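Please read the sequence and the 3D model side by side while following the paragraphs below. They begin with the chain as a whole and then turn to particular helices and residues.

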Amino acid sequence: MWVYEKKLQYPVRVSTCNPMLAKFLIEQYGGADGELAAALRYLNQRYSIPDSVIGLLTDIGTEEFAHLEMIATMVYKLTKDATPEQMKAAGLGAHYADHDKALFYHNAAGNPWTATYIQAKGDPIADLYEDIAAEEKARATYQWIINMSDDPDLNDGLRFLREREIVHSQRFREAVEILKEERGKKKFF
C-alpha cells in the first residue's frame, strides 16, 4: 500500500541542542492533537466513510506519519547532545529517568498517549468536522511552538508542518461539501 522513501518529507535542521524546545515539540509527537493521533484517527475513519472521500483520509493519514517522523527527528536532534542535567532543567527529568533520550509517546506535560485522543462517530460529516478541528488545533500548536522558539533552522520545518495542517483542514472542508452535495441528491433504484 505504501512506498517508503528513506528521506523526510521536508528537511529538518536545528541550530543547537535545546531540550526545552524538545519538551514542547513532544506535544506534537504524543499529544491529543499531535501527529500520531491524527494519523490513526484518519486511517481508522476511512472504514466508515463514503468512497468519494476515502482516498483523502488515506492520503492525509499517511502524510501524518511523515510528519510524525519529522517531529521525531526534531526531538532527537534537539536532545542528542543534552546532558542529564540539561534534560532535568528542561523538565524532561522524568522522561530521562524512564527512557533516557528515546522517544516515547507522551505530551508536553508527560502524560502518555491514549486511544481516547481518537474520535470516530461513524457519521461521515461529524467525523470530518472532528478532523477539521484536529487540524486547526495542530496548526495553532505549531504556531505557539514557533512563537517560543529562537531556532530559525527548526522554525523552517515547523512552518512547513503548520502550513500542511492548513492544507489538510481545507481538504477536509472540501470533503464535507462533497458529502453534503451527495446527501442532497435523489437516489434512483
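In this predicted model, residues 24 or more positions apart account for 78% of the contacts in the protein that have a separation of 6 or more. The secondary structure consists of seven helices and zero strands, and reading along the sequence gives the pattern α-α-α-α-α-α-α. Taken along the principal axes, the C-alpha atoms fill a box of roughly 70 × 30 × 30 Å, and of the 189 residues in the protein, 43% are buried.

A useful place to begin is helix α1, which covers residues 19-30. At 1.5 Å a residue, its twelve residues should span 16 Å, and the end C-alpha atoms are indeed 16 Å apart, so the expected and modelled spans agree. Nine of these twelve residues are buried, and α1 is therefore largely enclosed by the rest of the structure. The buried residues are P19, L21, A22, K23, L25, I26, Q28, Y29 and G30, and what covers them includes α2 (35-45), α3, α4 (84-89), α6 and α7 (152-184).

Among these neighbours, α6 (residues 124-148) packs against α1 at an angle of about 175°, with the two axes 10 Å apart. Because an angle over 145 degrees counts as roughly antiparallel, α1 is described as roughly antiparallel to α6. On the α1 side the contact is made by L21, F24, L25, E27 and Q28, which meet A138, T141, Y142, I145 and M148 in α6. The residues of this contact divide into seven nonpolar, two polar and one charged.

From this contact one can move to the nonpolar interior. The largest nonpolar core has 21 residues, and those with the most contacts inside it are L25, I71, M74, L154, L158 and L161. Two or more residues of this core come from each of α1, α3, α6 and α7, with α3 giving the largest share, seven residues. A second, separate core has 15 residues, including I60, L128, A175 and L179. Returning to I71, one finds that, not counting residues up to four places away in sequence, I71 touches L25, Q28, Y29, E35, Y142 and L161.

Helix α3 spans residues 51-79, and T79 lies in this helix. Is T79 buried or exposed? With a relative accessibility of 4%, T79 counts as buried, because the cut-off for a buried residue is under 20%. Leaving aside residues up to four places away in sequence, T79 touches P19, A22, M87 and K101; of these partners, P19 and A22 are among the buried residues of α1.

The loop between α1 and α2 offers a contrasting site, for this is where A32 is placed. A32 has a relative accessibility of 25% and therefore counts as partly exposed. Its contacts, again not counting residues up to four places away in sequence, are with E27, A37, R41 and Y117; E27 also belongs to the set of α1 residues that meet α6. A32 and P19 are 13 residues apart along the chain, and their C-alpha atoms are separated by 21 Å.

Taken together, these details follow α1 from its largely enclosed setting, through its roughly antiparallel packing with α6, to the 21-residue core to which α1, α3, α6 and α7 each give two or more residues.

How values were computed:
Residues are numbered from 1 along each chain as its sequence is written. This is a predicted model: local features need pLDDT of at least 70, side-chain atom pairs count only at pLDDT 80 or more; totals for chains, interfaces and linings use all residues. Side-chain values use heavy atoms; hydrogens and water are left out. Axes are lines fitted to C-alpha atoms, for helices over the stretch in contact, and angles run from 0 to 180 degrees between N-to-C directions. Helices (H or I, at least four residues) and strands (E, at least two) are DSSP runs, numbered from the N terminus. Angles under 35 degrees count as roughly parallel, over 145 as roughly antiparallel, 65 to 115 as roughly perpendicular and the rest as oblique. Contact means heavy atoms within 4.5 Å. Ala, Val, Leu, Ile, Met, Phe, Trp, Tyr, Cys and Pro count as nonpolar, Asp, Glu, Lys and Arg as charged, and the others, Gly among them, as polar. Buried means under 20% relative accessible area, exposed over 50%, partly exposed in between (1.4 Å probe, protein chains only). The expected span of a helix is 1.5 Å times one less than its number of residues. A nonpolar core is a set of buried Ala, Val, Leu, Ile, Met, Phe, Trp, Tyr and Cys residues joined through side-chain atoms within 4.5 Å.
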